[in-house]
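Got your viewer open and a selection box ready? Here is a short tour, one stop at a time.

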Amino acid sequence: MSLTNDKKRVPLLVDEATRHGALEAKTISAKSVVTAPWVRLKCIYGCDRFGTSHCCPPKTPTPKETQEILDCYTSALLVRFDGKTSPTRVIVELERSAFLAGYYRAFGFGAGPCHLCTTCNTEECVHREKARPAMEACGIDVYATARNNGFPIDVLSDESCEGNYYGLLLLE
Ligand code: SF4
């Protein structure tokens, strides 16, 4: 994919993201996406959805595997949302658009657990075309990744705090 093509196609993806409800989106270096072993501890010991779906650990890539995947890419689209729009739903749409625009390796990560089925069919995912793991479920440090790229993110200390949620689309 040439730089000229990127200049034409990335703005279309950014427009599409905002049309679907994202607050903002920008291209980032894949090197600015941070993975860390401790992220998985938050799933294993901090989340009651651990082990309940194909989009949660231990079925998702480990931080090390995710880093190996990130190393196959040079750029990505980081997309910021408030709590009103599902990052995963939008990222799936963007992944398809990016693929059809020629980014044949496009792959997206959302946020939070998969909500496509009332109860996950843990034998075999029944919506593979739409189910995507959260960034954090794959060992990505979302806080460090957002801050590396000038996006806001803070721990929500109570329910009145406004959250920032992120999706990531690997582009190549
Ligand atoms: S789409 Fe359904 S079966 Fe697949 S991971 Fe999500 S909840 Fe589980």
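Start by selecting helix α4, which lies across β2, β3 and β4 and runs at about 15° to β4. Contact here means heavy atoms within 4.5 Å; axes are lines fitted to C-alpha atoms, for helices over the stretch in contact, and angles run from 0 to 180 degrees between N-to-C directions. Helices (H or I, at least four residues) and strands (E, at least two) are DSSP runs, numbered from the N terminus.

Before moving on, a word on what is on screen: this is a predicted model, in which local features need pLDDT of at least 70, side-chain atom pairs count only at pLDDT 80 or more, and totals for chains, interfaces and linings use all residues. Residues are numbered from 1 along each chain as its sequence is written, and side-chain values use heavy atoms, with hydrogens and water left out.

**Along the helix**

Stay on α4, residues 87–100, and put a distance label between its end C-alpha atoms: they are 20 Å apart, which agrees with the 20 Å that 14 residues should span at 1.5 Å a residue. The expected span is 1.5 Å times one less than the number of residues. Now colour the buried positions of α4, which are P87, T88, V90, I91, V92, L94, E95 and A98. Buried means under 20% relative accessible area, exposed over 50%, and partly exposed in between (1.4 Å probe, protein chains only). Just after α4, click on G102, which takes a positive phi of about 115°.

**One residue on α4**

Is E95 buried or exposed? E95 counts as buried, because its relative accessibility is 12%. Show what E95 touches, leaving out residues up to four places away in sequence: A106, F107, G108, R132 and L169. For a long-range pair, E95 and L168 are 73 residues apart in sequence, with 9.6 Å between their C-alpha atoms.

**The sheet**

Next, select the strands. They form an open sheet of 4 strands in the order β1-β2-β4-β3, with antiparallel pairing. β1 (24–29) and β3 (107–109) stand at the edges, each with a single partner strand, so one side of each has no neighbour in the sheet. Neighbouring strands of this sheet are turned by 20° against each other on average, direction ignored. Two strands pair if DSSP finds at least two bridges between them.

Zoom in on β2 (residues 75–81) and β4 (residues 165–171), which pair over 7 bridges in the antiparallel sense. Two places to click are V79, whose bridge partner in β4 is G167, and S75, which stands opposite L171 in β4. On to β3, which runs antiparallel to β4 and is joined to it by 3 bridges; there, G108 stands opposite L169. β4 is mostly covered, with 6 of its 7 residues buried.

**Two loops**

Select P57 and P58: the peptide bond from P57 to P58 is cis, with omega near 10°. P58 sits in the loop between α2 (38–46) and α3 (63–70). Then go to T118, in the loop between β3 and α5 (142–148). T118 is exposed, with a relative accessible area of 87%.

**Last stop: the ligand**

Which residues surround the ligand? Select S53, H54, C55, C114, L116, C117, C120, N121, C125, V126, H127 and A131; a residue is near a molecule if one of its heavy atoms lies within 4 Å of it. Coloured by class, this shell has 8 nonpolar, 4 polar and no charged residues. Ala, Val, Leu, Ile, Met, Phe, Trp, Tyr, Cys and Pro count as nonpolar, Asp, Glu, Lys and Arg as charged, and the others, Gly among them, as polar.
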